[in-house]
Amino acid sequence: MNVALYCRNIKPQDIPVLQEILDQLAAKKIGVYIYKPFFEQVWPEIKTRSGISTFVSHEDIRDKIEYLFTLGGDGTLLDTINFVRDYPILVMGINIGRLGFLADIGKEEIGHAIHAITKGSYVTDQRTLLELESSEPLFDDVNYALNDVTIHKKDTSAMITIHAYINGELLNSYWADGLIIATPTGSTGYSLSCGGPIIMPTSENFVITPIAPHNLNVRPIVVSDSSVISFEIEGRYEQFYCTLDSRTRPIDNLTQLAVKKCQHKISLVRLPDHHFLETLRTKLMWGAHARK
């Protein structure tokens, strides 16, 4: 068995966490591919030298690994879409970030988690992705997102108008700073911050959430994930932003955009005693009240 380990960067106090992962994998005789730019940062700090290879792109690991570990927060896990693509690779997030909603394996659970993958005693969650179609190439061949697609005004420019259509029929014209189209996974992220609803990961829906709408009667809406959602954009300025998760590209009002469900999904590994609703309560404090 081989696993890949991806991390953007690491704080000095978290080096022991990395070392524990490497020690646990070595003890199980599991080969490791570490993201090369990260490995070059940390190799003077780690003791493990044998059994480690490096990778730079998806081509280096697509036929060689069964699991991809992320070491960081949720943003780090979102980066893995670029490496996993449509390959049968399972992703497990180890949290050394802040919230760790998606990357929900705690530091104290590393041994348990690695034991689980050797025994197959884990649960796999299939998560829907959003696919973006555009009239010009914006994100090369990785034109999909796990959390959300957004259309946003640039910097401090005035609000924009986004005409949104579902399967060709006008949904609404949003006068706002932007618009979020979120998957069930992304419904607990940016969309939630803008007043969008939480939807269960297995729901076959998307959420369309306006960002700071200048209209009292506009609210987020849940639509079927079989929908094709397209857009026309107007604004005082001709430049806007389009994002897929944390990746951003500039667009103009001539760029044609449409969003739909991606043909493939991403597989996230969780421990059997980790549950979505419990994570909502413990990490987002959902339903908590301060009254005594």
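**Notebook: a walk through the predicted model**

I started with K29, which at 76% relative accessibility counts as exposed. I am working from a predicted model, so I read every value here as computed from it. K29 sits in the loop between α1 and β2, the strand at 31-35. I then looked up the backbone: phi of K29 is near 60°, a positive value in a residue other than glycine.

**A second positive phi**

I went looking for another residue of this kind and stopped at N167. Its phi is positive too, at about 50°, although N167 is not a glycine. Where does N167 lie? I found N167 in the loop between β10 (160-166) and β11 (169-176). N167 counts as exposed because its relative accessibility is 54%, and the cut-off for exposed is over 50%.

**Helices α1 and α5**

Next I turned to α1 itself, which covers residues 15-27. I checked how it packs with α5 (residues 110-119): the angle is about 30° and the axes are 10 Å apart. Angles under 35 degrees count as roughly parallel, and therefore I noted α1 and α5 as roughly parallel to each other. The crossing of α1 past α5 is right-handed.

Which residues make the contact? From α1 I listed V17, E20, I21, Q24 and L25. From α5 I wrote down I110, G111 and I114. Sorted by class, the contact between α1 and α5 has five nonpolar residues, two polar ones and one charged one.

**F39 in helix α2**

I moved on to F39, a residue of helix α2 (residues 36-42). Is F39 buried or exposed? I noted it as buried because its relative accessible area is 18%, and buried means under 20%. Leaving out residues up to four places away in sequence, I found F39 touching I34, I46, I52 and T54. I also looked up its spacing from Y6: the two residues are 33 apart along the chain, and their C-alpha atoms are separated by 9.3 Å.

**Cysteines**

I wanted to know about disulfides before thinking about anything else with sulfur. How many disulfides are there? The count comes to zero. As a reminder to myself, a disulfide is a covalent bond between the sulfur atoms of two cysteines.

I took C194 as a case to follow. Its sulfur is 16 Å from the closest cysteine sulfur, that of C242, and this is too far for a bond because the pair would have to lie within 2.5 Å. C242 is in no disulfide either; the nearest cysteine sulfur to it belongs to C262 and is 15 Å away. I compared their surroundings as well: C194 is partly exposed, with a relative accessible area of 25%, whereas C242 counts as buried at 0% relative accessibility.

**R247 in strand β17**

C242 came up again when I looked at R247, a residue of strand β17 (residues 247-252). Not counting residues up to four places away in sequence, R247 touches F139, V142, Y144 and C242. So here I have a partly exposed arginine, at 25% relative accessibility, in contact with C242, the cysteine I had just noted as buried. My last look-up was the spacing between R247 and T156: they are 91 residues apart along the chain, with their C-alpha atoms separated by 19 Å.

Note on methods
Residues are numbered from 1 along each chain as its sequence is written. This is a predicted model: local features need pLDDT of at least 70, side-chain atom pairs count only at pLDDT 80 or more; totals for chains, interfaces and linings use all residues. Side-chain values use heavy atoms; hydrogens and water are left out. Helices (H or I, at least four residues) and strands (E, at least two) are DSSP runs, numbered from the N terminus. Buried means under 20% relative accessible area, exposed over 50%, partly exposed in between (1.4 Å probe, protein chains only). Contact means heavy atoms within 4.5 Å. Axes are lines fitted to C-alpha atoms, for helices over the stretch in contact, and angles run from 0 to 180 degrees between N-to-C directions. Angles under 35 degrees count as roughly parallel, over 145 as roughly antiparallel, 65 to 115 as roughly perpendicular and the rest as oblique. A crossing is left-handed if the near helix is turned anticlockwise from the far one by less than a right angle, and right-handed if clockwise. Ala, Val, Leu, Ile, Met, Phe, Trp, Tyr, Cys and Pro count as nonpolar, Asp, Glu, Lys and Arg as charged, and the others, Gly among them, as polar.
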